Structure formats: C-alpha cells, structure tokens
Amino acid sequence: MTDTSIRTYTNEQETETEEETTAVSDEQEHCPECGGRLISDDEHAETVCSDCGLVVEEDEIDRGPEWRAFDSAEKDEKSRVGAPTTNMMHDQGLSTNIGWQDKDAYGRSLSSRQRQKMQRLRTWNERFRTRDSKERNLKQALGEIDRMASALGLPENVRETASVIYRRALEEDLLPGRSIEGVATASLYAAARQAGTPRSLDEISAVSRVEKMELTRTYRYIIRELGLEVKPADPEHYVPRFVSDLDLSDETERMARELLESARQEGVHSGKSPVGLAAAAVYAAALLTNEKVTQNEVSEVASISEVTIRNRYKELLEASDTAAPA
C-alpha cells in the first residue's frame, strides 16, 4: 500500500469518526421523537424534551457532592480536599506534619530502627518548616496566641484576627525593641476587642508572660502604628460571660442590660472601667431578681475588687432611679 493510499484511507476514517461524533452530539442535544431541545432535570435525575416531554434518559449519576452548602465558608468547611489555609499557623497549614505516634497505618507499633528513622525525619521536617528567623519568630508568636486564646476561651475568629495583626506588625518591622510575647499578647487583646468578645487587661495579663505595663504600652503602639480601629469596650459585652460563670438566669442578664442602658443615658459610663460597670450591673441585677450571689463571687469572676463593685453598684442604682420617671 502506497503512502498516498494510506493517507486517503486515514482521511476517510477521520471523516467517518467526525460524522459519527456529530450524529451522537445531535442525538444528545435534540429529541429523537420531535427534534426538540433536550434539558437536564437535576431534581429527578432525568433528561427530558422541552417540547414533547419525552424522557430520554433517567436515573442519571449525580457526580456532585452528597452535601449542600449555602455560603463559601460552609463549602470550604465541608470540602474533603484537605484542610483550608489558616493564618494561625506560620506556614498557613500548607507544610507536612509528621505525627508523634510511633505506629503505622494499621495501628501497629514501629520497630526500634523505624522509630529512630521517624525521629530523624521529624527533626529534619521541623528544620525545613522554619528555615529562617522570621518563620521561627512567627511560629513562636502564633503558638503563644493559641495558648492564651485557649486559656481565655476565645473563639477561632479572634485567634485568626490576632494572627493577622501580628503578621502585619512583623511585616512592618514593629518588633525591634519589643518582646515577641508582648506583641502577641497585644495583638490578641486588640482582636478580642474588635470581635466584641473583650477580655480585661487583668485577665489577659494573668495568662500572658509579660507584665501589665508592658502589655498596655505595646498595645497602644501597635494600635497607633497599624492604624487599627478599636472602639471603646462596651460593658454589655462582658455581661453574658459573667452571668454564665455565676450560673444566673436570663432574667438577671436582661435586668443587667437595662441597668447599663439607664447608666448610659445618665452619662455614668464616662471615665469608668467597663469591666467594673458590667460586674456591678450583674450584682445589682441578681439582687433585684432575688438570686443569691455575693460581691466576692462577682469579684472573682470579673477579676476586680469588691470596692469597685460597691461604688459602681450605687451609681447604677442611682442612675436607674433617675431614669425611671422619664
């Protein structure tokens, strides 16, 4: 067979294949009965004709996920293609992590030689994950943020925000002359206030490795240099946590909010500690709703003195009496 005849034969085959593909495509796009347009009915897993209603295919395979998601965050959470990236890890969770359980995939313990090999792999893996001083700095700081947030019971969104604030401070070279723990603590304090779940300076400093004075100084510096917008703490944000820790009723929480609102109308909030006002409001509300709670118990939960509670307590009741006739 000559080259010319081979090329002719090949061209004829290609033409026949294209015609068959076109015919199949036309059959898939048009109804075999009336020639109407076919549409896919995902709800019933069928392909039907839009004109005559003929069911061309049924029991189609749904190749999509078996779950539903209503927003992008829920979709990322349910997706099974690996963990999402996070700012709470220095490498954003993209590197490999070798577990510390000396067991294989079947749960069997490794031999002594294999354990030594895995230990060497862990060591080198850890070295490669933090290749320079910046990554080591970030790893230490984010670990510190996670530790303090866990001790304070702060949600994940606060930890994420605090990690972003610390990354910004590191990128803008704000750390020289300040400790890693101080900037990490200030970032967490700012993130908690931004998220509406504030913690007092005493609570933050109790779980931190820096003094309260250094924390306040670093916090002001970070806020000023990064241009963060942090509103003054609202006493009402502390009320639900205090009520929950003291195991008080919803009626007490509602009454405490009313007392704080009356105090706001009378201008009692100005220049007062929001933690002290919240603690005094919870104590006063508990007395008004006939629930047994002592000033000492409220003082321990709020981490403030009993004297502060007594002073704010009187001011709140006076403001409530003044605002009542109006």
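Helix H4 (133–152), helix H6 (180–194) and helix H8 (212–226) are among the elements that cover the buried residues of H5. Keep in mind that this is a predicted model. Besides that packing, there are three aromatic pairs to look at, a small set of antiparallel strands that starts with S1 and S2, and a disulfide count of zero.

**Helix H5 and its cover**

- H5 covers residues 156–171, so to speak a 16-residue run, and its first and last C-alpha atoms are 23 Å apart, close to the 22 Å expected at 1.5 Å a residue.
- The buried residues of H5 are Val-158, Arg-159, Ala-162, Ser-163, Ile-165, Tyr-166, Arg-167, Ala-169 and Leu-170. Note that two arginines, Arg-159 and Arg-167, are on that list.
- Once H5 is done, look at Asp-173, just after the helix: its phi is positive, about 60°.

**Helix H10**

- H10 (residues 250–265) has 16 residues, which should span 22 Å at 1.5 Å a residue; the end C-alpha atoms are 23 Å apart, so the two values agree.
- Buried here are Thr-252, Glu-253, Ala-256, Leu-259, Leu-260, Ser-262 and Ala-263. Glu-253 is the acidic name in that set.
- Just after H10 comes another positive phi, this one at Gly-267, about 80°.

**Rings and a charge**

- One of the three aromatic pairs in the whole structure is Tyr-283 with Tyr-313, an edge-to-face arrangement with 5.3 Å centre to centre and 65° between the planes.
- This pair ties together distant parts of the chain, since Tyr-283 belongs to helix H11 (residues 274–288) and Tyr-313 to helix H13 (residues 306–323), 30 residues apart.
- The two partners fall into separate accessibility classes: Tyr-283 counts as buried because its relative accessibility is 10%, while Tyr-313, at 22%, counts as partly exposed. The cut-off that splits them is 20%, with buried lying under it.
- Elsewhere, Arg-178 puts its charged end over the ring of Tyr-221, 3.6 Å from the ring centre.

**Strands S1 to S3**

- S1 (residues 38–41) and S2 (residues 46–49) run antiparallel and are joined by four bridges. Ser-40 has Thr-47 in S2 as its bridge partner.
- The S1–S2 hairpin leaves four residues between the strands, and in its turn Ala-45 has a positive phi of about 55°.
- S2 also pairs with S3 (residues 55–57), again antiparallel, through two bridges. Here Thr-47 stands opposite Glu-57, so Thr-47 faces a partner on either side, Ser-40 being the other.
- Five residues lie between S2 and S3 in their hairpin, with Gly-53 in the turn at a positive phi of about 80°.

**Cysteines without a bond**

- Why is there no bond at Cys-34? Its closest cysteine sulfur, in Cys-49, is 3.6 Å away, which is too far; a disulfide needs the sulfur atoms within 2.5 Å.
- Cys-52 tells a similar story, with the Cys-49 sulfur closest at 3.6 Å and too far for a bond.
- Both are partly exposed: Cys-34 has a relative accessible area of 44%, and Cys-52 has 45%.
- By the distance rule, then, the count of disulfides is zero.

Methods:
Residues are numbered from 1 along each chain as its sequence is written. This is a predicted model: local features need pLDDT of at least 70, side-chain atom pairs count only at pLDDT 80 or more; totals for chains, interfaces and linings use all residues. Side-chain values use heavy atoms; hydrogens and water are left out. Rings of Phe, Tyr and Trp (its six-membered ring) pair if their centres lie within 6.5 Å; planes under 30 degrees apart count as stacked, over 60 as edge-to-face and the rest as tilted. Buried means under 20% relative accessible area, exposed over 50%, partly exposed in between (1.4 Å probe, protein chains only). A charge sits over a ring if NZ of Lys or CZ of Arg is within 6 Å of the ring centre and within 35 degrees of the ring normal. The expected span of a helix is 1.5 Å times one less than its number of residues. Contact means heavy atoms within 4.5 Å. Two strands pair if DSSP finds at least two bridges between them.
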